Amino acid sequence: MATFYISPTGSDSATGKTATTAFKTFDKAAAAMRASAGADTTIVAGGTYTLTKTVALTLASDTGSTFVAAAGATPIISGGNKSFSLFK
């Protein structure tokens with residue numbers, strides 16, 4: 001089991017293994033969780049994330065993997081014309 005981090009100010013060329021080396025996108029975090037082949041968690045920092053496509057975790061390759069908001073954070077997921085928060 002691994003823990004990864006994403007932040008609107010992160011970088012997809014970073015390791016994603018700490019809050020200070022966070023990935024920027026959900027896609028990069030999902031790929032990292034798949035590559036580690038475990039029940040992993042990605043901690044999502046507060047801020048706005050603009051998605052251009054759906055991020056999907058599949059039962060076959062992502063069993064047990066989750067995205068969770070960082071403590072006290074309210075990440076906003078924006079796609080198209082509407083914004084919403086998955087974390088309430």
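Select strand E1 together with strand E2, residues 41–44: the two pair in the parallel sense over four bridges. The model on display is a predicted one. Within this pair, Tyr5 has Ile43 as its bridge partner in E2, and Ile6 stands opposite Val44.

**The sheet**

Next, add strand E4 to the selection. E2 and E4 run parallel and are joined by four bridges. In this second pairing, the bridge partner of Val44 is Ala69 in E4. Val44 may therefore be kept highlighted, as Val44 lies opposite Ile6 and is also the bridge partner of Ala69. With the three strands in view, the order E1-E2-E4 can be followed across an open sheet with parallel pairing. The edge strands are E1, residues 3–6, and E4, residues 66–69, each of which pairs on one side only. From one strand to the next, the twist averages 30°. Strands of a sheet pair through backbone hydrogen bonds, either parallel or antiparallel.

**The two faces of E2**

Now display the side chains of E2. They alternate along the strand: Thr42 and Val44 point to one face and are buried, whereas Thr41 and Ile43 point to the other face and are not buried. To see how the chain reaches this strand, trace the path from E1 through helix H1 to E2. This β-α-β crossover is right-handed.

**The nonpolar core**

Select Phe4, Ile6, Phe23, Phe26, Ala29, Ala30, Ala32, Met33, Val44, Tyr49, Phe67 and Ile77. These 12 residues make up the largest nonpolar core. E1 and H1, the latter spanning residues 26–36, are the elements that give two or more residues to this core. H1 gives the most, with five residues.

Center the view on Phe26, a member of this core. Leaving aside residues up to four places away in sequence, Phe26 touches Ile6, Val44, Tyr49, Leu51, Val55, Phe67 and Ile77. Among these contacts, Ile6 and Val44 are the residues that stand opposite each other in the pairing of E1 with E2.

**The loop between E1 and H1**

Move next to Thr15, which is placed in the loop between E1 and H1. Is Thr15 buried, partly exposed or exposed? Thr15 counts as partly exposed because its relative accessibility is 45%, a value between the 20% and 50% cut-offs. Select Phe4 as well: Thr15 and Phe4 are 11 residues apart in sequence, and their C-alpha atoms are 8.4 Å apart in space. Not counting residues up to four places away in sequence, Thr15 touches Phe4, Thr21 and Phe23. Two of these residues, Phe4 and Phe23, belong to the largest nonpolar core.

**The whole chain**

Finally, return to the full model and color it by secondary structure. The protein has two helices and six strands, and from the N terminus on its elements run β-α-β-β-α-β-β-β. Of its 88 residues, 27% count as buried. With the surface switched on, the accessible area comes to about 5200 Å², of which 58% belongs to carbon and sulfur atoms. Among the contacts with a separation of 6 or more, 57% are between residues 24 or more positions apart.

Note on methods. Residues numbered from 1 in each chain as written. Predicted model: local features only at pLDDT ≥ 70, side-chain atom pairs only at ≥ 80, totals over all residues. Heavy atoms only, no water. Pairing = 2+ DSSP bridges. Axes fitted to C-alpha atoms, helices over the stretch in contact; angles between N-to-C directions. Core = buried A, V, L, I, M, F, W, Y, C linked by side-chain atoms within 4.5 Å. Buried < 20%, exposed > 50% of the residue type's maximum accessible area, 1.4 Å probe, protein only. Contact = heavy atoms within 4.5 Å. Right-handed = clockwise from strand over helix to strand, strands pointing away. Areas by Shrake-Rupley, 256 points an atom, 1.4 Å probe, with all protein chains shown as cover.
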